[in-house]
Amino acid sequence: MSDTMHGLPTQQVIEVLTEELHSLAPAEREAKAVELLAVLGLAKAAGAPRPEEPATRPAPLLICDWAADLGLDGTTQQLGIDVAPGPTRVSKTAAATGRSLLSSGQMGADILHVPAGSGFAPHTHPGDHLLFVLAGTGTIAVAGEIVETRPGQVYMVEGAITHAVGAVTDHMILAVGAPHRHLDSPERQNLTAYTALLSELGHITCRLCDIRASSGEELAAKGCPHSPHRFG
């Protein structure tokens, strides 16, 4: 091997090796070139096979601000929540928007804004969600009942069970899900029939109005404004 290769750019070294090995069969030429480059410490630069690299891992720490720190009032921590629409419309909703906070792909959190009178139609979704009520009053409908939700509460419904979320006043929710789906992903929720909300006896009862009916339309006809059939 010519000593003139030392100090040459990598590409020139490759050209010299190719010329000197031209008499070999293509497969042998490539293998020999890789062997020689490895001796010279140039295998990586020449594109030779590299040891398998570990898969990209998420950052060991994800952190973001989701509320303003308003300090302590005695022994009570005060947080400031901006009750306003987010930049991203939530898939398969008419008016809900949100702001993504952080996600590992397997778990993530979002801030949701649901305008008064609107909500999430009956649906299921992959995995489960923890829903922390931050501001405004709302409703959760599941298993034949519509129940009020208010700030300071957290609730969870198994993702495979049909449920619906509504807003009585402008409503803010911190949603934590696993697995996490982006706000605008069509996989975030799967819409279902309203009948999947009914009890085993075929009824739904609004606990806010103390009215029972066999359908959303019947609830509305009896004076209940909270039935999630309006969200579809």
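This briefing covers the salt bridges, nonpolar cores and one sheet of the structure. The model is predicted. It holds four salt bridges. The largest nonpolar core has 15 residues, and a second, separate core has twelve. An open sheet is built from seven strands.

**Salt bridges**

- Arginine 207 pairs with glutamate 145, and their closest N and O atoms are 2.4 Å apart.
- Arginine 207 sits in the loop between strand 14 (204–206) and strand 15 (211–213), while glutamate 145 belongs to strand 9 (residues 145–149), so this pair ties together parts that are 62 residues apart in sequence.
- Glutamate 145 is partly exposed, at a relative accessible area of 29%.
- Glutamate 187 forms a salt bridge with arginine 181, with 3.3 Å between the closest N and O atoms.
- Both partners are partly exposed: glutamate 187 has a relative accessible area of 46%, and arginine 181 has 25%.
- Lysine 222 and glutamate 218 meet through their side chains in another salt bridge, at 3.2 Å from N to O.
- Here too the partners are partly exposed, with a relative accessible area of 45% for lysine 222 and 27% for glutamate 218.
- Side chains of opposite charge can pair when their charged atoms come close.

**Nonpolar cores**

- In the largest core, the residues touching the most other members are Val90, Leu112, Phe120, Leu131, Tyr155, Val165 and Ile173.
- Five strands each supply at least two residues of this core: strand 5 (108–114), strand 7 (128–135), strand 10 (154–157), strand 11 (163–167) and strand 12 (171–178).
- Beyond its neighbours within four places in sequence, phenylalanine 120 is in contact with Val90, Thr93, Ala96, Leu112, Val114, Ala164, Val165, Gln189 and Phe231.
- The second core of twelve residues is separate, and its members include Ala164, Leu198, Leu219 and Cys224.
- Ala164 is thus a member of the second core and also a contact of phenylalanine 120.

**The seven-stranded sheet**

- The strand order is 13-6-11-8-9-14-15, and the pairing is mixed.
- Strand 13 (190–191) and strand 15 stand at the edges with a single partner strand each, so one side of each has no neighbour in the sheet.
- Strands 14 and 15 run antiparallel and are joined by three bridges.
- Within that region, threonine 205 stands opposite arginine 212 of strand 15.
- Strands of a sheet pair through backbone hydrogen bonds, either parallel or antiparallel.

Methods: Residues numbered from 1 in each chain as written. Predicted model: local features only at pLDDT ≥ 70, side-chain atom pairs only at ≥ 80, totals over all residues. Heavy atoms only, no water. Helix = DSSP H or I, 4+ residues; strand = E, 2+ residues; numbered from the N terminus. Buried < 20%, exposed > 50% of the residue type's maximum accessible area, 1.4 Å probe, protein only. Core = buried A, V, L, I, M, F, W, Y, C linked by side-chain atoms within 4.5 Å. Contact = heavy atoms within 4.5 Å. Pairing = 2+ DSSP bridges.
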